[in-house]
Amino acid sequence: MKIIRKYAVATTVAAMLACTALPVTAKAEVLKFVSWQKDEKGIGDWWGTVVKEWEAKHPGNTIEWTKVERSAYADTMTTLFAGGTPPDIVHLASFEFQTFANNGWLEDLGPWVEKSGLNLDGWSGQDICNFQDTTVCIMMLYYGTIFGYNEEMLKQAGVAVPTNYEEFLAAARATTKDLNGDGIVDQFGTGHETKGGGGQYIAEMASYLLDAGARFTNAEGKVTIDTPEMVEGLTRWKTVVKESLTPRDLSAGEVRKLFADGKIALKVDGPWIYSIMQQGAAKDKLKLASVPFDPPLGGSSNILAMPSEISDEKKQLVWDFIAIATSDRFQTSFATLAASTPPSPRADLTEAKAQIPHFDLMAKSQKAAAEHKIDRIPTGLEIQFNEFSKMIQEEAQRMIIEDLDPAAVAKTMHEKAEALQ
Amino acid sequence: MSVRFLDLARPSRQHWLGYLLLLPAVALVALIIVYPLFVSLDLSFQKIGMATLSAPRKPFTLENYHKLFTSPDFWNSCWVTIKLVLVVSAACFAVGLGTALLVNNRFKGRTLARLFVALPWAVPEVIAVVIFAWIFDSSFGLMNWLFIKLGITSQMVNWFSEPTAAFWVVAITMIWKGYPFVSIMTLAGLQSIPEDFYNAAKVDGANAFQRFWYITIPVLMPVLGVTSVLVVLWVFRDFSIIKVLTDGGPLKATQTLSIMTYDQAFGFFNMGYASAIGIVTLVLCVVASLLMLGRKSQAMY
């Protein structure tokens, strides 16, 4: 009887242990993924396919995908990291991850890349992810700009499609018009955001600066603003804004909408301009061509990373996500779904080229920008980029408002940039 | 013994019940207001970029305060904040008091007029800001169209690219959003003034201005005192109107202390420095409130 009781107790304990142990071994993991691109047509759809693939490969595990608006993104991510609850899959803009990396919040992905055999040779913009000799992220988009123009407006003004800065300026002047003579300009030659943050302001100026041969820093990170090339670049920017060839004080989205609706003749922008053009009132009159600036502006856009303070099991799951997103198959689908140039050199672009008529333009621009190592974020000023860009914006605004000499402005910018380093 | 000690029915223990009932609310306030305040105070004495709650405390330093008081940006922000507080508060009081006196009179359509006076208060701040951004749009805005049609100017005014113009756009938006509060508070105060006061003054031969100056204003002083504190504090800490309209620009012409705090904390990730600005702003707000809640806000009778 005693033995039976012993067996009964042992069986009960074993059953209890089994019941409690089972959920542990089969515990479903939920990865938190925060992104501002969740509902964006094209790119959001592509992220959705990556999430779906990861969930299919990890049955029982899920990804909790949350959208946070871009305007509140840096605040939200800072708060999440500072509070010790970072998202597992870290998605950041390429101009903001440096501060997180500098704080030790991002995992060194070098060993993961090595272990998985991911080949990052020729991966566009990946250099930017090498922060303080450590691979802290994988670049998810590096784009080259394309050039949109309103064919009808150029015809009416009697100018050809511009192929260099001088022709661009002449075309912008010829197409800026007060159509009904009421003293209010109804049609602008080109369009720039002049109201937003420093990062966007620099991106708007950059085409003119790069074409003039100017750079904020050299490859070693030394400030190179006080140069004749920068003075020329600033003069060009001042000319375009001061002569009101662009509408003032509008956001980037508003400027794009004006171009799409036929109120702006020339627009240099990222690959996303095509889908905006397609929704505009003037879509039949809008065409695309190569950017009339050399080299074209290119830019890193966003990155994937991993927090350093999550468990090793979770890190493996996050790496699996990154591996899917960077696989040849998903880089190929990135081109077609997001209608953008994927960073991977191994992506098969045949389908994208067949589907998207201007894909070659984008690819050519991306290649040219990458070859010249063009980016909005100057080498050596990565951590201070927000302060730097704000300073450049303010000094450029001062130049326009107070009608200052670009040479004096370049000197001031140079001194302030050096003080920031 | 212990039961008798906790006997809340005893006359000498009755106030304990009040404290006990207050305890949850006090604990909640301490958690969501006092604790962050102390964290902020603590951060302001550390040279810290990105703050992490779990990170070890950095050495005590006064560097943030030294940097703050020697920074032209800080003094510029103080000046912008003071200008905005004076302009917006004065205008809110003038418009708010005027409209309250107007809708306190009996006339046909008074209810509708009261509704219109209070309407801006009901409009969410961000929506109000978007409306004003359209009105003052530099290229296609209503205000520029009006100015040109009326011959006030021959060319478009760049409302958000000119420092003075941008300051006034921000001020006008804040006045529009803030005056209904003064109006509603004042209207409530006006309705509590006994009619007998005015009748007696009329018998004594007081004219309308004398009745306003010697009866209305003194009786309204307690209401106006509290309202002025609330309006000043609102202008001091308001963030969304400036952030959406101008983001503190151009050339820091609209950069108030709250915008500067945000930029330093979430733009440049200088949490220690941002905390120092926040603490100084708090001190300024407390001093301003104490000054306004002094003798002048008491009734004159």
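**Figure 1. Overall make-up of chain A in the predicted model.** The secondary structure of chain A comes to 17 helices and 13 strands, and its C-alpha atoms, taken along the principal axes, fill a box of roughly 110 × 50 × 40 Å. Of the 421 residues in chain A, 53% are buried, while the surface that chain A exposes amounts to about 18,000 Å², with 54% of it supplied by carbon and sulfur atoms. When contacts in chain A between residues at least 6 apart in sequence are considered, 70% of them join residues at least 24 apart.

**Figure 2. The open sheet β3-β13-β6 of chain A.** This view shows an open sheet of 3 strands in chain A, ordered β3-β13-β6 and paired in antiparallel fashion. Strands β3 (90-93) and β6 (138-139) of chain A stand at the edges and have a single partner strand each, so one side of each is left without a neighbour in the sheet. Helix α12 (residues 312-325) of chain A packs on this sheet, where it touches β6 and β13 of chain A, and the direction of α12 makes about 140 degrees with that of β13(A). In general, the strands of a sheet pair through backbone hydrogen bonds, in either a parallel or an antiparallel manner.

**Figure 3. Bridge partners along β13 of chain A.** On one side, β3(A) is joined by 4 bridges to strand β13 (residues 302-305) of chain A, the two running antiparallel; here V90(A) has A305(A) as its bridge partner, and H91(A) stands opposite L304(A). Strand β6(A) is joined to β13(A) by 2 bridges, again with an antiparallel course, and in this pairing the partner of I138(A) in β13(A) is L304(A). The side chains of β13(A) can be followed in the same view: N302(A) and L304(A) point one way from the strand, I303(A) and A305(A) point the other way, and all are buried.

**Figure 4. Helix α2 of chain A and the elements against which it packs.** Helix α2 (residues 43-57) of chain A has 15 residues and reaches 21 Å from its first C-alpha to its last, which is close to the 21 Å expected at 1.5 Å a residue. The buried residues in α2(A) are I43(A), G44(A), W46(A), W47(A), V50(A), V51(A), E53(A) and W54(A). As a guide to reading this list, an α-helix has 3.6 residues a turn, so residues three or four places apart point the same way. The buried residues of α2(A) pack against strands β1 (30-35), β2 (62-67), β3 and β13 of chain A, and also against helices α12 and α13 (328-337) of chain A.

**Figure 5. The helices of chain B.** Chain B has 13 helices and 0 strands, and along its sequence the pattern is accordingly one of α elements throughout, α-α-α-α-α-α-α-α-α-α-α-α-α. The radius of gyration of chain B is 25 Å, well over the 19 Å that the globule rule gives for 301 residues, so chain B is more spread out than a compact globule. Taken along the principal axes, the box filled by the C-alpha atoms of chain B is roughly 70 × 65 × 30 Å.

**Figure 6. Burial, contacts and surface of chain B.** Of the 301 residues of chain B, 44% count as buried. Among contacts in chain B between residues at least 6 apart in sequence, those joining residues at least 24 apart make up 65%. The accessible surface of chain B comes to about 16,700 Å², and 72% of this surface belongs to carbon and sulfur atoms.

How values were computed. Residues are numbered from 1 along each chain as its sequence is written. Chains are lettered from A and ligands numbered from 1 in the order in which they are written. This is a predicted model: local features need pLDDT of at least 70, side-chain atom pairs count only at pLDDT 80 or more; totals for chains, interfaces and linings use all residues. Side-chain values use heavy atoms; hydrogens and water are left out. Two strands pair if DSSP finds at least two bridges between them. Contact means heavy atoms within 4.5 Å. Axes are lines fitted to C-alpha atoms, for helices over the stretch in contact, and angles run from 0 to 180 degrees between N-to-C directions. The radius of gyration is taken over C-alpha atoms; the globule rule is 2.2 Å times the number of residues to the power 0.38. Buried means under 20% relative accessible area, exposed over 50%, partly exposed in between (1.4 Å probe, protein chains only). Accessible areas come from the Shrake-Rupley method with a 1.4 Å probe; for residues, only the protein chains shown count as cover. The expected span of a helix is 1.5 Å times one less than its number of residues.
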